[in-house]
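Welcome! Let us take a short walk through this structure, a few places at a time.

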Amino acid sequence: MCGIFAIFSKNGQPLAPKVYHGSVHTLREIAYRQSGKQRHRGPDDTGVKVVPEHGVVLIHERLAVIGVHTGHQPMISESGDILVVANGEIYNYLEQSAEIAKKRGHYKPKSDCNVIVELYEEYGEQLLEYITGMYAFVLYDKRTKNILIARDPFGIIPMYIGEDADGNVWVASEMKCLVDFCPKLELFTPGELRVGPANNLQRKRYFTEQWIEHIPTQEVDLSLLRAKFESAVRSHLQCDVPFGALLSGGVDSSLVASIATRLRRERDPDYRLKTFSVGLRNAPDFKAAQLVANYIGSEHTEIVFEIADALDGIRDIIYHLETYDVTTVRCSLPMLLLARYIKSTGIKMILSGEGADEIFGGYLYFFKAPNREEFHRELVKRVEQINVSDCLRANKVTMAKGLELRVPFLDTAFVNYVMSVRPEDKMPGDLNCLGNQQKYRIEKHILRAAFAANYLPNEVLWRQKEQFSDGVGYDWIDSIRRVATSHITDAQFATASERFPINTPTTKEAYYYRTIFEELFPGEAAAQTVTRWVPRLDWGCPEDPSGRAQTVHQVHGCGAGA
């Protein structure tokens with residue numbers, strides 16, 4: 001994991017020095033300075049490669065997780081013609097390395113992302129058909145002056161692209177590197193690539209699956225679902241540094257921790273995973289997380305925070321997140337405190353449970369879905385937008401402290417399988433459950449049913465969904481809402497639509513976050529990179545994104561079919 005940064009001259013010619021803050025800066029100096037705004041993403045190493053005759057610079061801010069001593073970037077091909085900076089993890093790099101070695105006689109990658117270079121030499125832009133993982137990368141071919149930029153199918157890894165006043169192309173992992181120079185900027189679309197010279201980049205969609213456009217009809221196979229998820233977790237365990245797992249006590253993170261422990265004990269029967277929870281004193285998550293920790297035998301730590309300490313970080317968290325979305329801000333403050341603690345223990349990689357709610361329909365407002373078609377379409381929407389909500393939060397909060405977070409539920413093959421399961425198997429509520437007559441089916445039922453045999457204690461396996469910002473302690477949301485609201489007067493809020501015509505805030509809390517965002521990231525282009533997370537209002541759901549606001553919350557308790 002890391003931060004990547006690049007500038008490409010629009011015509012492939014040298015770029016003249018610029019006056020910035022009263023002094024003249026070379027291309028390298030400007031690039032190094034701007035990439036420095038995301039250097040928290042890569043505390044281990046900074047690599048710079050300039051091609052002055054082409055007006056090109058690539059920078060890599062590295063957090064070393066795989067190939068610790070050999071994975072320096074930018075990566076350069078043996079010929080010296082192909083340059084790459086990549087952010088993320090290629091989980092099938094060993095398989096691809098073996099195929100490359102067959103063709104070349106010998107090949108040993110310096111890191112997981114190294115295979116991107118050789119696969120480009122072999123397949124060009126079709127290399128994306130051969131890699132799986134979480135990634136965003138920028139490649140430059142000096143022979144043709146062509147650029148290839150790509151982002152993983154679900155946007156687990158952030159990336160922004162912009163254009164300065166002269167038409168030059170800028171790319172960075174975080175928007176803060178671009179806003180000073182790019183009046184045009186946007187969030188790079190997941191599952192997309194752009195290829196060609198800087199003045200004629202062509203957009204192409206490389207991730208296309210049937211479930212995106214069509215309602216699936218395939219019945220769930222619980223054994224296959226279980227096998228595919230265990231395979232996803234196994235692939236996410238590749239790591240050359242100490243790692244652990246977040247453990248909220250919800251079914252998603254608990255399953256990840258349980259499976260990771262089982263897989264590690266295949267090699268070491270005495271292995272104990274390090275797990276971590278965060279919350280206010282007596283938070284709902286703590287009891288459930290401790291049950292899981294005892295069940296799987298993990299080395300568990302609870303991080304208790306005070307409301308005042310978390311509230312101190314509102315401005316900092318908006319700076320790191322680069323969003324003003326209410327849900328994301330609420331969730332991220334406790335997570336930032338957690339990430340800081342985990343990094344202080346020497347851990348550099350953490351496993352987490354993001355993604356399950358999007359592909360299984362785990363949010364409580366899904367109980368309001370009127371029919372199977374609408375249920376599935378909402379799943380697709382949530383998957384397509386996870387890059388601006390949960391993935392954005394999970395990545396940027398942990399990387400603010402130089403900690404890599406991995407999400408096995410968003411393994412591409414696993415997502416494709418679950419999203420290809422017919423919606424009636426996933427819908428919660430008063431339905432017949434997989435042939436068993438039940439009055440009630442809990443959310444994410446098929447996930448829970450697939451792992452019903454000795455993976456988790458029943459109290460957790462069948463525990464109702466708690467959104468992270470609720471599970472850390474119900475006083476948290478009430479407090480942050482109250483404090484944020486107190487900063488905005490009625491007179492200020494009355495001007496909301498005039499001051500913020502794009503994504504107009506509908507509460508004083510949202511208005512307060514928006515004013516901080518505008519100060520940090522001025523301009524319409526920055527504001528348009530944000531998508532608000534709200535339940536389906538046309539399904540009769542309340543606008544407040546908290547799970548507690550949904551009528552089904554705690555109505556049915558936590559039992560299977562209760």
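At 7% relative accessibility, alanine 288 counts as buried, because buried means under 20% relative accessible area, with exposed over 50% and partly exposed in between (1.4 Å probe, protein chains only). Alanine 288 sits in helix α7, residues 284-296; helices (H or I, at least four residues) and strands (E, at least two) are DSSP runs, numbered from the N terminus. Setting aside neighbours within four places in sequence, alanine 288 touches Gly249, Val460 and Arg463, where contact means heavy atoms within 4.5 Å. Its C-alpha atom lies 37 Å from that of leucine 187, a residue 101 places away along the chain.

A word on the source: this is a predicted model, in which local features need pLDDT of at least 70 and side-chain atom pairs count only at pLDDT 80 or more, while totals for chains, interfaces and linings use all residues. Residues are numbered from 1 along each chain as its sequence is written, and side-chain values use heavy atoms, leaving out hydrogens and water.

Next comes helix α10, residues 326-344. Its 19 residues should span 27 Å at 1.5 Å a residue, which agrees with the 28 Å between its end C-alpha atoms; the expected span is 1.5 Å times one less than the number of residues. Of these 19 residues, 15 are buried, so α10 is mostly covered. At serine 332, α10 bends by about 35°, and proline 334 follows within four residues. That bend is the angle between axes fitted to the seven residues ending there and the seven starting there.

Proline 334 appears again where α10 meets helix α18, residues 474-486: the axes are 11 Å apart, at an angle of about 115°. Arg330, Leu333 and Pro334 in α10 meet Trp476, Ile477, Ile480 and Arg481 in α18.

Now for some backbone details. Most residues other than glycine have a negative phi, and most peptide bonds are trans. Two residues here have a positive phi although neither is a glycine:

| Residue | Phi | Loop | Relative accessible area |
|---|---|---|---|
| Asparagine 282 | about 65° | between β16 (274-279) and α7 | 74%, exposed |
| Lysine 444 | about 60° | between α14 (412-419) and α15 (445-450) | 3%, buried |

Where is the cis peptide bond with omega of about 5°? This bond joins glutamine 73 and proline 74, and proline 74 lies in the loop between β5 (56-62) and β6 (75-76).

Definitions and conventions. Axes are lines fitted to C-alpha atoms, for helices over the stretch in contact, and angles run from 0 to 180 degrees between N-to-C directions.
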